[in-house]
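Here's a quick briefing to read alongside the model. Have the sequence and the 3D view open while you go through it.

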Protein chains: 2
Amino acid sequence: MAKLQKSIDKRNALIKATIELVNNNGFHATPMSKIAKMANVSPATIYLYFENKQDLVNKTYIEVKAEYTKYAFATYKDSMSVEDGFKLIWQRIADFKLKECENAMFLAQCDNTPMIDEESRQEGIKHLQPLLDLWERGKQEGIIKPLSDYLLYAYAINPLSFLMIIQKRGVFQLDKTHLEEAYQAAWNSIKVSL
Amino acid sequence: MAKLQKSIDKRNALIKATIELVNNNGFHATPMSKIAKMANVSPATIYLYFENKQDLVNKTYIEVKAEYTKYAFATYKDSMSVEDGFKLIWQRIADFKLKECENAMFLAQCDNTPMIDEESRQEGIKHLQPLLDLWERGKQEGIIKPLSDYLLYAYAINPLSFLMIIQKRGVFQLDKTHLEEAYQAAWNSIKVSL
DNA sequence: AAAAAAAGAATGAACGTTCATTTTTACGTA
DNA sequence: TACGTAAAAATGAACGTTCATTCTTTTTTT
């Protein structure tokens, strides 16, 4: 067990270093040697845990995406009303993007560049299913507009990525008030108008 | 004139090649040699037009951003009502993102990665002033919610980037109906509720 | 014919990955 | 428990390639 434990620690250190360095420098400007150094490991050791650099970044993406969605849906129950469920998930996502900023920034970069293999991208999308199910329910109950899932995501969820990024760049500070406003904007854009 | 003309053609070819290659491969996976080849030019020639690779990509960003905002505000007049003005600008931006997809994808990549110098990023932001002025007017007239410009942008404009990207990836097709729905979602999220 | 522009080849540095070796771990035996 | 040993894990150095940039020469322009 001690053996296995140690390995997992190294693997985690490598993934953490990858996230931090790629956030600051981008994928191709992040050499394996620097990742190794930050993880306190020899460059050669990386290849005991990952096939190559592409595999390292693919796996990092999938792990972070899984973490993100796990957090987002952690306290959600099918028994909640659509409105309550959406608000909860939205707030959890906002929470994640602000608290786990490094992780969320990494995801944003992956989602907006050719950094990740298409296969890994698909894999990452699967984790969003609970949200799609909630929307389906909302549409059936006539609470959420009958829009495509992509449009709903674009207006209800994705704006948080933009806010996170400019917050990280220091021009904007998202406080409690802003968050409530942002939630209202999100909900107004997808709820059925009276 | 013929001399100067020829130079501008080469410069444009270099910028076009940069956009296309960076879109498909990312900044650091785009060698100067390939940019040169695509522009039908020797690698050494690039250095007659740009200081180095970073300068090439910075200048490309600023030029494309200027093109984007020029298109967005081309038919807008201060004399328009806030609602009409916003709708017009929104539609022009949507139009640009769908028609000039390559250019818009390039901007999205620049805005979500450490690819561009901070200085060039600032330079690019300046071009958005007419939109900020419109919002200011809308707030004063009590038509647009008194939210920060960043929040307004996140909900009214930025979702279009998300839609463009997934459209480019082929999972989603933005048609006339979708566009009208998207506009309504945008407007609902920022307009003052009755 | 001088100056400017462009070209291809050359250079040196940096990178991903592999290789040969050392260190650590796991475990059967005394 | 202590030891010896084979396997596993980890390492630093080395390899071959790629790339941004520069240098020297050629071509084009004026």
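A residue is near a molecule or strand if one of its heavy atoms lies within 4 Å of it. By that test there are 16 residues around DNA strand D, and Ala44(A), Thr45(A), Met32(B), Tyr47(B) and Lys53(B) come nearest. Sugar and phosphate make up 67% of the strand D atoms that come within 4 Å of the protein.

Before the details, some housekeeping. This is a predicted model, so to speak of local features takes pLDDT of at least 70, and side-chain atom pairs count only at pLDDT 80 or more, while totals for chains, interfaces and linings use all residues. Residues are numbered from 1 along each chain as its sequence is written, chains are lettered from A and ligands numbered from 1 in the order in which they are written, and side-chain values use heavy atoms, with hydrogens and water left out.

**Around DNA strand D**

- Helices here are DSSP runs (H or I, at least four residues; strands are E, at least two), numbered from the N terminus.
- Three helices each supply at least two residues of the surface near strand D: α1 (2-25) and α3 (43-49) of chain A, plus α3 (43-49) of chain B.
- The largest share, 4 residues, comes from α3(A).
- Sorted by class, that surface has 8 nonpolar, 4 polar and 4 charged residues; Ala, Val, Leu, Ile, Met, Phe, Trp, Tyr, Cys and Pro count as nonpolar, Asp, Glu, Lys and Arg as charged, and the others, Gly among them, as polar.
- Two tyrosines put a polar side-chain atom by a phosphate oxygen of strand D: Tyr49(A) at 2.8 Å and Tyr47(B) at 2.7 Å.
- Thr30(B) uses its backbone instead, with an N or O atom 3.4 Å from a phosphate oxygen of strand D.

**Where chain B meets chain A**

- Contact means heavy atoms within 4.5 Å, and this one takes 40 residues from chain B and 40 residues from chain A.
- The two chains bury about 3,400 Å² between them, 65% of it on carbon and sulfur atoms; buried area is the accessible area (1.4 Å probe) that two parts lose on being put together, summed over both.
- Between the chains there are 0 salt bridges, a salt bridge being a side-chain nitrogen of Lys or Arg within 4 Å of a carboxyl oxygen of Asp or Glu.
- There are 4 residue pairs in polar contact between chain B and chain A, both at pLDDT 80 or more. A polar contact is a pair of N or O atoms within 3.5 Å; within protein, one must be able to donate a hydrogen and the other to accept it, and residues adjacent in sequence count only if both atoms are side-chain atoms.
- On the chain B side, α11(B) gives the most, with 7 residues.
- The chain B side divides into 21 nonpolar, 14 polar and 5 charged residues.

**Buried spots in chain B**

- Buried means under 20% relative accessible area, exposed over 50%, and partly exposed in between (1.4 Å probe, protein chains only).
- His178(B) sits in helix α11 of chain B and is buried at 17%. Leaving aside neighbours within four places in sequence, His178(B) is in contact with Ser148(A), Leu151(A), Phe172(B) and Gln173(B).
- Thr113(B), in the loop between α6 and α7 (118-126) of chain B, is buried at 8%. Not counting residues up to four places away in sequence, Thr113(B) touches Gln109(A), Thr113(A), Arg169(A) and Arg121(B).
- In α9(B), 6 of the 8 residues are buried, so that helix is largely enclosed by the rest of the structure.

**Salt bridges**

- Over all chains, the structure holds 18 salt bridges.
- Asp111(A) pairs with Lys65(A), the closest N and O atoms being 3.8 Å apart. Asp111(A) is in α6 and Lys65(A) in α4 of chain A, 46 residues apart. Asp111(A) is partly exposed at 24%, whereas Lys65(A) is buried at 7%.
- Arg121(B) and Glu118(B) meet at 3.4 Å, N to O. Arg121(B) is buried at 7%, while Glu118(B) is partly exposed at 43%.
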